[in-house]
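Okay, thanks everyone for squeezing in. I've got one structure to walk you through today, so let me put it on the screen.

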Amino acid sequence: MVYQKIKMQKDSEPTNEKETPSGENDGQKKVQEEFQIDMDAPETERAAVTIQSQFRKFQKKKAGSQS
């Protein structure tokens, strides 16, 4: 849900797209996008907290299944 919100914001902002050849994939090109993230925005802070929370839950679950 938070990812979708960030993605929507990112899609609405102009981006600098660069195409670089991969060299190994029969001439296919990778597209790199550079975009700015406002680190002081409340949405960014909430997204970071959510991601960190999910990661900690994942680590606890992973540690519990190994023992």
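I'll go through the layout first, then confidence, then the surface.

So, this is a predicted model. The protein chain has two helices and two strands, and if you start at the N terminus the order reads α-β-β-α.

Now, how far do we trust it? Average pLDDT for the protein chain is 75, with 57% of the residues scoring at least 70. Going element by element, H2 comes out with the highest mean pLDDT, 94, while strand E1, residues 16-21, has the lowest, 53. And you know the usual caution: where pLDDT is low, don't read the predicted coordinates in detail.

On to packing. Of the 67 residues in the protein chain, 6% are buried. If you take contacts between residues at least 6 apart in sequence, 22% of them join residues at least 24 apart. The accessible surface adds up to about 6500 Å², and carbon and sulfur atoms account for 51% of that.

Last bit, and have a look at this on the screen: there's a nonpolar patch on the surface made by Phe-35, Ile-37 and Met-39, together about 320 Å² of accessible area. Phe-35 sits in the loop that runs between strand E2 (29-34) and helix H2 (42-66). Its relative accessible area is 37%, so Phe-35 counts as partly exposed.

That's my tour; over to you.

Note on methods:
Residues numbered from 1 in each chain as written. Predicted model: local features only at pLDDT ≥ 70, side-chain atom pairs only at ≥ 80, totals over all residues. Heavy atoms only, no water. Patch = residues over 30% accessible without salt bridge, like charges linked within 9 Å, V, L, I, M, F, W, Y side chains within 5 Å. Areas by Shrake-Rupley, 256 points an atom, 1.4 Å probe, with all protein chains shown as cover. Salt bridge = Lys/Arg side-chain N within 4 Å of Asp/Glu carboxyl O. Helix = DSSP H or I, 4+ residues; strand = E, 2+ residues; numbered from the N terminus. Buried < 20%, exposed > 50% of the residue type's maximum accessible area, 1.4 Å probe, protein only. Contact = heavy atoms within 4.5 Å. pLDDT = per-residue confidence, 0-100.
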